Amino acid sequence: MKIDVEREVILDLLPVYISGEASPATCTLVEEYARQDTEVAHRIQALRADSLVGAPLPELPPELELRTLYRTRRLLVLQRWLFGFAICFTAISLSSRLSFREGRLREFHFLIQDYPVQFGIFVGLALICWIAYFLIRRRLRTTSV
């Protein structure tokens with residue numbers, strides 16, 4: 001049987017054919033063409049050899065899913081605590097003093113002026129908590145396939 005399909009069309013269909021996603025009619029078409037064209041037949045053999053479609057899946061330990069769930073839960077709890085501490089240390093470092101007299105604001109200043117060493121400590125703790133929070137957030141959003 002003579003096939004009236006151009007070679008480029010068959011070459012375009014090879015990845016679908018090798019992956020097993022082609023329809024039965026397409027499989028038949030590619031196989032018939034490969035019988036007539038030895039170069040295409042060799043290319044199919046080479047693609048099958050290079051393909052990971054037939055490769056066996058690696059053995060995974062049965063408790064892997066449960067360990068992953070527990071690790072994710074621990075990271076979520078740690079993320080919540082870090083967020084709380086980061087908000088707390090940020091708020092403490094931005095604390096201010098207000099004084100009113102006769103219904104008017106007389107004095108406003110940040111407590112940095114009164115306690116510069118403690119301010120530095122709280123800002124440092126806030127930065128550490130924020131950085132750790134965003135690193136854990138990024139790790140939890142990363143998908144590995």
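Is F134 buried, partly exposed or exposed? We'll get to that in Exercise 1. One thing to keep in mind as you work: this is a predicted model.

**Exercise 1. Place F134 and find its ring partner.**

Task: work out how accessible F134 is, then describe the aromatic pair it forms with W130.

Solution:
- Start with accessibility. F134 has a relative accessibility of 43%, so it counts as partly exposed.
- Do the same for W130: at 23%, this residue is partly exposed too.
- Now locate them. Helix α5 (residues 116–141) holds both W130 and F134, and they sit four residues apart, about one turn of the helix.
- Here's the background: an α-helix has 3.6 residues a turn, so residues three or four places apart point the same way.
- Next, count the aromatic pairs, and you get nine.
- One of these joins W130 and F134, with ring centres 6.0 Å apart and 25 degrees between the planes. Stacked means under 30 degrees, and the W130–F134 pair is stacked.
- Elsewhere, ring pairs tie W81, F85, F89 and F122 together as a cluster.

**Exercise 2. Walk along helix α1.**

Task: describe the span of α1, its kink and its buried residues.

Solution:
- Take the span first. α1 covers residues 7–19, which is 13 residues, and its first and last C-alpha atoms are 19 Å apart, close to the expected 18 Å.
- Look for a bend. At L13 you'll find a kink of about 40 degrees, shortly before the proline P15.
- Pick out the buried residues: they are I10, L14, Y17 and I18.
- Ask what covers them. The cover includes α2 (24–36) and α3 (38–50).
- Finish just past the helix, where G20 follows with a positive phi near 85 degrees.

**Exercise 3. Sort out some salt bridges.**

Task: for R7, R35 and R97, name a salt-bridge partner of each and say where the two residues lie.

Solution:
- Searching the whole structure turns up six salt bridges.
- Begin with R7. Its bridge to E39 has the closest N and O atoms 3.1 Å apart. This pair links distant parts of the chain, since R7 belongs to helix α1 and E39 to helix α3, 32 residues apart.
- Check accessibility for this pair: R7 is partly exposed at 25%, and E39 is partly exposed at 47%.
- Move on to R35, which bridges to E32 with closest N and O atoms 2.4 Å apart. Both residues are in helix α2, three residues apart, or about one turn. R35 has 59% relative accessibility, so it counts as exposed.
- Then comes R97, paired with D114 at 3.9 Å between the closest N and O atoms. R97 is in strand β1 and D114 is in the loop between β2 and α5, so this bridge ties together parts 17 residues apart in sequence.
- Both ends are partly exposed: R97 at 39% and D114 at 34%.
- To round off, salt bridges with shared partners join R7, D37 and E39 into one network.

**Exercise 4. Spot the unusual phi.**

Task: which sign does the phi of E102 have, and where does this residue sit?

Solution:
- Recall the usual pattern: most residues other than glycine have a negative phi.
- Now read off E102. Its phi is near 55 degrees, a positive value in a residue that isn't glycine.
- Find its place: E102 is in the loop between β1 (96–101) and β2 (104–110).
- Last step: is E102 buried or exposed? Its relative accessible area is 76%, so E102 is exposed.

Note on methods
Residues numbered from 1 in each chain as written. Predicted model: local features only at pLDDT ≥ 70, side-chain atom pairs only at ≥ 80, totals over all residues. Heavy atoms only, no water. Buried < 20%, exposed > 50% of the residue type's maximum accessible area, 1.4 Å probe, protein only. Expected span 1.5 Å × (residues − 1). Bend = angle between axes of the 7 residues up to and from the residue. Contact = heavy atoms within 4.5 Å. Phe/Tyr/Trp six-rings, centres within 6.5 Å; stacked < 30°, edge-to-face > 60°. Salt bridge = Lys/Arg side-chain N within 4 Å of Asp/Glu carboxyl O.
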